[in-house]
Amino acid sequence: MTETHHPASTHHAAATHARRPGFRTLGGSARQLPANSRHVGAVPDDHFIETSIYVRRRDETALVASLDQAGSDPAARRVKLGAGRATLYANDLRELSDYASLHGLTVIQVDPARRLIRVGGNAAAIDAAFGTAMGMYDAGSGQFRGHVGDIQLPDHLHGLVESVLGLDSRAIAHTRIVRPHKAQPAGLEPNKIGPLYQFPTGVDGTGVTIALIELGGGFTAADNTAAFGAMGLAVPSITAVSVDGGTNMTGTDADGEVALDIQVSGGLAPGARIAVYFTPNTDAGFSDAISQAVHDTTNTPSVISISWGGPENSWTSTSVTTMNGVLQDAATLGISVYVASGDSFATDGVDDGKAHVDFPASSPFAIGCGGTHITVSGTKISHEVVWNDGAAGGGGTGGGISDLFDIPAFQSGVTLPPSVNAGRKGRGVPDVAGDAAPGSGYIVVVGGQKEVVGGTSGVAPLWAGLTALINQKASVPVGFLPDYLYPQVEAGQALTVEITTGDNKPEGSALGYAAGPTWNACTGLGRPNGQALFTALTARTASGGPTAS
C-alpha cells in the first residue's frame with residue numbers, strides 16, 4: 001500500500017521534560033510527535049510497557065576474526081559468536097539487569113548473542129528508570145503511547161547503552177505491497193516467475209530455511225493449501241515464530257503481505273523451510289524480530305526477506321544504529337538479508353519537496369530490492385522497465401541516495417548519481433530488482449480469495465527464494481551478496497540484466513532518478529540472471545568466512 005508521510009514536528013501539548021541530576025541524555029532517542037498530536041492523558045497504571053535495551057557494541061575485532069575457525073556455515077558461526085558475546089557483554093548486561101530490578105522493572109529476557117536485555121513495568125517505573133515523561137497522545141488516527149524529549153540514563157550506564165526501544169507505540173514501518181487500483185490484471189502464479197528469470201532447475205531449496213519478517217497479519221493453512229495447490233506444489237514447512245508477543249493473527253490488511261512473502265519465496269524454493277517471525281510494529285519489534293532470526297539457533301535461516309520499511313527521516317538515530325547493527329550481524333554470519341525499497345517513488349511518500357529512500361533497505365548491510373514491470377510473450381520476458389504507474393494513479397519503485405549512509409565499499413566502483421536534493425554523495429538504493437508492478441503482479445490467495453498484488457514486497461522474497469536454491473548446493477552460502485555481485489558485474493559478468501528504461505519520479509514531479517546502464521537508483525544492478533548466479537555462486541570455494549564491507 002502507498003503511505004503518505006508528513007514531516008515530523010516537535011510541537012506537542014505534553015508536560016515539559018527536564019534534565020534530571022546525575023542523568024545524561026541518550027542523544028537521538030526521541031521520536032518526534034506529529035504536528036497535530038495532542039496530549040490526552042497519562043498512561044494507565046495497569047499498562048505494562050516492554051522495552052528492548054541494546055548494549056553498545058564493544059570492540060569485536062578479535063571475536064569476528066575468530067569466527068573463521070567455524071568456517072562459512074552460518075549455524076556454526078552463530079554458536080561461536082554467541083559464546084564470545086556471552087563473555088564480552090556479561091558485565092554490561094548484569095549492570096543493566098541490576099538497574100532495572102532496582103527501579104521495579106521486570107527483566108523479561110537477557111540475550112548476550114543479540115546484545116539485548118528486555119525489561120518491562122508500568123509508566124511510573126519506566127519514567128523513573130529512563131527519565132521519560134510517558135503519556136498518551138492522539139494525532140487523529142487513534143491514541144498511541146509516547147514520550148517527550150530524549151531518554152535519560154544515569155552517568156554510570158550512559159556509555160553502556162546503544163538504544164532503548166519500544167517506549168513509543170506508533171507503527172515504525174509499512175508493508176511494501178500494492179494492489180491494482182483498477183481492474184485485476186491476469187497476473188502470474190509465483191512459481192512462474194522463476195523460469196522467466198532463468199532460475200536454476202534440479203534444486204528446490206531443500207535443507208535451507210528462509211526467514212520472513214512480519215510486523216502484522218497472519219496466514220492460514222487453507223490459504224497455503226489453495227495457493228501451493230494452484231502452483232502444483234506441496235505446501236512447504238511453515239513455522240510461525242513469536243517475537244515480543246507477536247502472533248500469527250489474520251484479519252488485517254497485512255495478511256496480503258504475509259501471503260505474498262510465503263507464496264513467492266515458497267513457490268520459488270518449495271523444498272525450503274519457511275520461518276515467519278511475527279512481531280509488533282514498533283522500533284523494538286522490528287529490530288528484535290530481525291535479531292532473533294539472525295541469531296536463531298533452532299530454525300537457523302541463511303536468508304531473510306523483509307517487505308516492510310519507512311522513510312529514513314521517520315526513524316530515530318538510535319533505532320537506526322541498532323537496526324544497522326543487527327543487519328551487520330547478519331552479514332558477518334553469512335546470512336543474506338533482502339529488503340524491499342518502497343513503493344512510493346523517489347519521495348518514499350514524504351511530501352516535503354525532497355527525495356527520500358526507505359530504511360532498512362538503505363542500510364549498507366541490507367540488500368535493497370527495487371521494482372520493475374515485465375511484459376511476457378510466451379515463455380519469455382519481451383520487455384522490462386522500471387515500475388512506475390504514476391501516470392495511471394498507482395505506485396512506483398523506491399530508490400535514490402541515502403541521507404544517512406555514505407557510499408559503502410562495495411559501491412565504490414560504480415557511478416552513483418548525486419542526490420537530487422542537494423547533490424549529496426551517499427549509499428545508492430537499491431542493489432537489485434525484480435517484477436513488482438501490480439500490472440504484471442503475483443497471484444496470491446488471501447482469505448480464501450485469489451487476487452493479484454505487486455510492490456517491491458514481491459521482490460525481496462523472490463531474491464530470497466533464488467538464494468535458497470543457491471545455498472542448497474553452494475559450499476559457501478551466498479551471504480552478503482553485494483560484496484560479490486558488484487565487482488563481478490563491474491567486470492562484465494552477466495549475473496544480472498540491467499534495466500535501462502524508465503524512472504521513479506512521481507507524476508508531475510522532477511524528484512527522482514532515471515534508469516541507465518550498470519547501476520541506477522531505480523533498479524540497482526538489475527534483475528536476476530538466475531542460472532548465471534547459481535553457476536557462479538555454487539562454484540565459489542571456502543577461503544575463510546563471509547565478511548561484510
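## A helix across the sheet

Helix H4 (residues 123-130) lies across E3, E5 and E9 and runs at about 25° to E3, where helices (H or I, at least four residues) and strands (E, at least two) are DSSP runs numbered from the N terminus. Axes here are lines fitted to C-alpha atoms, for helices over the stretch in contact, and angles run from 0 to 180 degrees between N-to-C directions. Helix H10 (residues 317-333) also packs on the sheet, touching E3 and E9, and its direction makes about 110° with that of E9; contact means heavy atoms within 4.5 Å.

The model is predicted, so that local features need pLDDT of at least 70 and side-chain atom pairs count only at pLDDT 80 or more, while totals for chains, interfaces and linings use all residues. Residues are numbered from 1 along each chain as its sequence is written, and side-chain values use heavy atoms, with hydrogens and water left out.

## The four-stranded sheet

The sheet that these helices cover is open, with four strands in the order E4-E5-E3-E9 and antiparallel pairing; two strands pair if DSSP finds at least two bridges between them. Strand E4 (106-111) and strand E9 (161-165) are the edge strands, each pairing on one side only. On average, and with direction ignored, neighbouring strands of this sheet are turned by 20° against each other.

Strand E3 (residues 49-55) is joined to strand E5 (residues 116-121) by six bridges, and the two run antiparallel. Within this pairing, isoleucine 53 has isoleucine 117 of E5 as its bridge partner, and serine 52 stands opposite arginine 118 in E5. On the E4 side, E5 is paired with E4 in the antiparallel sense over five bridges, with valine 107 standing opposite valine 119 in E5.

## Strand E5 and its hairpin

Six of the six residues of E5 are buried, so this strand is largely enclosed by the rest of the structure; buried means under 20% relative accessible area, exposed over 50%, and partly exposed in between, with a 1.4 Å probe and protein chains only. In a regular strand the side chains alternate between the two faces of the sheet. Both faces of E5 are covered, since Leu116, Arg118 and Gly120 on one side and Ile117, Val119 and Gly121 on the other are all buried.

The hairpin of E4 and E5 has four residues between the strands, and in it arginine 115 takes a positive phi near 60°, although arginine 115 is not a glycine. Arginine 115 is also buried, with a relative accessible area of 1%.

## Other backbone features

Threonine 518 is another residue other than glycine with a positive phi, near 65°, and it lies in the loop between strand E25 (496-497) and strand E26 (527-528). With 34% relative accessibility, threonine 518 counts as partly exposed.

Two cis peptide bonds can be located in loops. One joins phenylalanine 359 and proline 360, with omega of about 15°, and proline 360 lies in the loop between strand E17 (358-359) and strand E18 (367-377). Another joins valine 429 and proline 430, with omega of about 5°, and proline 430 has its place in the loop between strand E21 (428-429) and strand E22 (432-435).

## Nonpolar cores

The largest nonpolar core has 117 residues, and those with the most contacts inside it are Ile213, Phe286, Tyr338 and Trp463. Such a core is a set of buried Ala, Val, Leu, Ile, Met, Phe, Trp, Tyr and Cys residues joined through side-chain atoms within 4.5 Å. Helix H11 (residues 459-473) contributes the largest share of this core, nine residues.

Leaving aside neighbours within four places in sequence, the contacts of tryptophan 463 include Tyr338, Cys369, Val432, Leu481 and Leu533. A second, separate core of 28 residues includes Phe23, Ile49, Leu157 and Val161.

## The protein as a whole

The protein contains 13 helices and 26 strands, and buried residues make up 60% of its 549 residues. Its radius of gyration is 22 Å, which agrees with the value near 24 Å that a compact globule of 549 residues would have; the radius is taken over C-alpha atoms, and the globule rule is 2.2 Å times the number of residues to the power 0.38. Taken along the principal axes, the C-alpha atoms fill a box of roughly 70 × 55 × 50 Å.

Of the contacts with a separation of 6 or more, 80% are accounted for by residues 24 or more positions apart.
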